[in-house]
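Biologist: I've got a model open on my screen and I'd like to learn how to read it. Could you walk me through it?

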Amino acid sequence: MIGTECPTCGESDRLVGERDSEVIHLHCQRCGTEWDREPVPTCKQCGGTDMQAVPKAIVEKSRGTQLSVVGTRTIHLCSACDADTLAVYHRNRPNPLMPDQLPTINAELDDR
Ligand SMILES: [Zn+2]
Ligand SMILES: [Zn+2]
């Protein structure tokens, strides 16, 4: 597992990981330490780990140009590569980030 090592002995090869939804349970075969690891999102562009979890709206087109926010999902944005997107999000908080291809429509969000 890349980027993972035993917190006790530093072993990075003989690790057994078991994924349990969001958390990975790890076991070091060298010293026997067991620990949980939250998955650390990594930027696909720069490889950095300075990521921010941001709720992104899931939008469905109802009829015509009407758009409804049907939910949100959490995405991770890189503080360096996605600085612009993060700035937009922080400006519109607590509204979730809207999908890129859509114009900013706040009418639906204001009711929540
Ligand atoms: Zn160990
Ligand atoms: Zn990045």
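Biologist: Let's start with Ile58. Which strand is it found in?

Modeller: This is a predicted model, so keep that in mind throughout. Ile58 sits in strand β4, which covers residues 51-61.

Biologist: And is Ile58 buried, exposed or partly exposed?

Modeller: The idea is to count the other C-beta atoms within 10 Å: 20 or more makes a residue buried, and 12 or fewer makes it exposed. Ile58 has 13 of them, so it comes out as partly exposed.

Biologist: Which residues is Ile58 in contact with, leaving aside neighbours within four places in sequence?

Modeller: Val70, Gly71, Thr72 and Arg73. You can also look further along the chain: Pro96 is 38 residues away from Ile58, and their C-alpha atoms are separated by 9.2 Å.

Biologist: Now the sheets. How do strands of a sheet pair?

Modeller: Through backbone hydrogen bonds, and the strands can run parallel or antiparallel. In this model, β1, β2 and β3 form an open sheet in that order, with antiparallel pairing. The edge strands are β1 (15-20) and β3 (34-37), each pairing on one side only. From one strand to the next, the twist averages 25 degrees.

Biologist: How many bridges do β1 and β2 pair over?

Modeller: Six, in the antiparallel sense, with β2 spanning residues 23-28. If you want one pair to click on, try Val16, whose bridge partner in β2 is His27.

Biologist: What about Leu15, then: buried or partly exposed?

Modeller: Same kind of count. Leu15 lies in strand β1. It has 19 C-beta neighbours inside 10 Å, and buried takes 20 or more, so Leu15 counts as partly exposed. For a distance to check on screen, go from Leu15 to Gly32: they are 17 residues apart in sequence and 9.6 Å apart in space, C-alpha to C-alpha.

Biologist: Let me zoom out. What pattern does the protein chain follow along the sequence?

Modeller: Reading along the sequence gives β-β-β-β-β-α. That's five strands and one helix.

Biologist: And how much of the protein chain is made up of buried residues?

Modeller: Of its 112 residues, 9% are buried. You can also ask how far apart in sequence the contacting residues are. Taking contacts between residues at least 6 apart in sequence, 39% join residues at least 24 apart.

Technical notes. Residues numbered from 1 in each chain as written. Chains lettered and ligands numbered in written order. Predicted model: local features only at pLDDT ≥ 70, side-chain atom pairs only at ≥ 80, totals over all residues. Pairing = 2+ DSSP bridges. Helix = DSSP H or I, 4+ residues; strand = E, 2+ residues; numbered from the N terminus. Axes fitted to C-alpha atoms, helices over the stretch in contact; angles between N-to-C directions. Contact = placed C-beta atoms within 7 Å.
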